[in-house]
Amino acid sequence: MIKFYNTLSKKIEEFKPVKKDFVRIYNCGPTVYDYDHLGHMWTYTMADIMRRVLEYNKLKVRQVMNITDVGHLTEGDVDKMLLASEREKKTPGQICEFYTKIFMENRRKLNILEPHIICKATEHIKEMQGLIKKLLDNGYAYKITDGIYYNVPKFKDYGKLSGNTVEKLEVGARIEVNPEKKHPADFALWIIAKPGHLMQWDSPWGRGYPGWHIECSAMSTKYLGDELDIHTGGEDNIFPHHENEIAQSEGATGKKFVRIWMHTRFLNIEGEKMSKSLGNFMRLQDIEKKGFEPLALRYLFLITHYRTPLNFTWEGLKAADTAWKRVLEFMDVLKNLKAKSGHNEEIDKLIEKSKEEFSEAINFDLDTPKAVAVMFDFMNKINKFIAEKKLDQKNVLESYNLVKDFDKVFAILKEEKETKAPKDVLKLLEDREKARKEKDWTKADEIREKIKKNGFMILDGDSGPRLKKI
Ligand code: AMP
Ligand code: ZN
């Protein structure tokens, strides 16, 4: 049984997808007007771990992530993409392409799986307009001089995610700058563009551009249907973004939009949220420059629960790096070990127990710190058996495979180059084995040379030959 904490119910709940065995996930994607930072990577690593946990449990997953390339406004109602465009003397399209490419590369460095669908806001203007039309038709939206607005008091459940109900918002409202709005909490769905605005599209209500929240309601519905299983983001997304997404989607369909809302707590630096706007951000490239590998950072993320704020420090990363290298070393020792003692049944039991404890930990609201502790406990015990020479080759192989199995979720082991040999080289290896079995040593040596010419060397071990890239 998988359990997740749901921001909506404020409880840890049993997870049941709408459709049995098929999970529909939406990740709020980045606003691509500047470099991504470690805070983003922390949130997307959590989303990746969640997907991997579902897949580990043999569930089929469809993961969608958007790219916000229009509509994310600053306090003064200026689009962040336009500010970047002025700053860098590039078109918004070029800005988006540049920062999205780096963001995706950084994700890959952290072994974050590619979502099945990545969708850009600017390529879904029609879908957003369709949704706005629905909201106008059923009375949840209204038109004023500068655009179309969502009528917040009309949606009775407003505030159910964040606690920011209409009454509370009324008390806290600042002096309303737009006197035509019916309520201070009403938010823009479509904004009429001022002359010269770089990003604008035709619409039934005049040329303009979408508000920030409508894109996620429109794109999630398009690719996943009206009812999603899981929706993720960082804690700053809870309000107003996700509260408004609920109002838009449920206002339009009358159905429950999302079953489980999952939010990562902030990654902080010196006690303050790492953010583009605060200018205190650190990038993956900054940690690489100091000699750390991205997967050491992934390890640091794993040992911090996603619902605990992560205070980034260099000492913390250094400690994570040391522990991470111990895992790599353990795997290297097992790979090269030639264990010759008798079979140890205690290890069979240990493997079974560790596998159970690992599953229990990851399935309980992604308790990765506990799952990592299970792995370390296992490694320590195996290391002891190795020192005492109390295991055979089968024990070694099974121990190795167990950590490999854990890594389906952790994804901290480096890609093994020897398994990446192309098909024709693998075929050559097979031919060599055949020649060796037939004791045709000349042929076997010839094939070895051929394999070498293809850039691979053969490592003969007790468990058979392996290929390693030269
Ligand atoms: P943005 O590009 O600001 O829209 O952020 C993209 C995603 O990263 C959102 O889900 C944010 O909540 C998340 N995020 C941004 N900064 C942080 C941070 N310091 N810690 C955790 N998540 C963050
Ligand atoms: Zn979103």
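How many cavities of 30 Å³ or more does the structure hold? The count is 2, and since this is a predicted model, please read the points below with that in mind.

1. Let's start with the largest cavity, which has about 60 Å³ of space. Its lining is made up of Trp42, Met46, Ile49, Phe301, Thr304, His305, Tyr306, Leu366 and Thr368. By class that comes to 6 nonpolar and 3 polar residues, with no charged ones.

2. Where does that lining come from? Helix 1 (residues 38-56) gives the largest share, 3 residues. On the domain level, domain 1 (15-264) and domain 2 (284-410) each supply at least three residues to the lining of the largest cavity.

3. Now the second largest cavity, with a volume of about 40 Å³. Pro30, Thr31, Val32, Asp34, Tyr35, Asp36, His40, Tyr99, Phe103 and Lys276 line it. Here charged residues do turn up: the lining splits into 5 nonpolar, 2 polar and 3 charged.

4. Helix 9 (residues 294-302) deserves a look. Is helix 9 largely enclosed by the rest of the structure or left open? It is largely enclosed, because 9 of its 9 residues are buried. The buried set is Pro294, Leu295, Ala296, Leu297, Arg298, Tyr299, Leu300, Phe301 and Leu302, so you'll find an arginine in there too. Phe301 is also one of the residues lining the largest cavity.

5. On to the zinc ion (ligand 2). Its protein donors are Cys28 through SG, Cys216 through SG and His241 through NE2, at 2.0 to 2.1 Å from the ion. Along the sequence the donor residues follow the spacing C-x187-C-x24-H. Cys28 sits in the loop between strand 3 (22-27) and helix 1, while His241 belongs to helix 7 (residues 238-253), so this pair links parts of the chain 213 residues apart.

6. Are the donors buried or exposed? Cys28 and His241 are both buried. Cys216 is buried as well, at a relative accessible area of 1%.

7. Last, the cysteines. The structure holds 0 disulfides. Why does Cys96 have no bond to another cysteine? The closest cysteine sulfur, in Cys119, is 12 Å from the sulfur of Cys96, and that is too far for a bond. Cys96 is itself buried, with a relative accessible area of 3%.

Conventions:
Residues are numbered from 1 along each chain as its sequence is written. Chains are lettered from A and ligands numbered from 1 in the order in which they are written. This is a predicted model: local features need pLDDT of at least 70, side-chain atom pairs count only at pLDDT 80 or more; totals for chains, interfaces and linings use all residues. Side-chain values use heavy atoms; hydrogens and water are left out. On a 1 Å grid over the protein atoms alone, a cavity is a set of points where a 1.4 Å probe fits but cannot get out, and a pocket is an open set with protein on both sides within 12 Å along at least five of seven lines; lining residues have an atom within 4 Å of a point. Grid points are joined across faces, edges and corners, and a volume is the space filled by probe spheres set on the points. Helices (H or I, at least four residues) and strands (E, at least two) are DSSP runs, numbered from the N terminus. Ala, Val, Leu, Ile, Met, Phe, Trp, Tyr, Cys and Pro count as nonpolar, Asp, Glu, Lys and Arg as charged, and the others, Gly among them, as polar. Domain bounds come from an automatic or database domain assignment. Buried means under 20% relative accessible area, exposed over 50%, partly exposed in between (1.4 Å probe, protein chains only). A disulfide is a pair of cysteine sulfur atoms within 2.5 Å. Donors are N, O and S atoms within 2.8 Å of the metal (3.2 Å for Na, K and Ca); water is not among the atoms, so sites may look incomplete.
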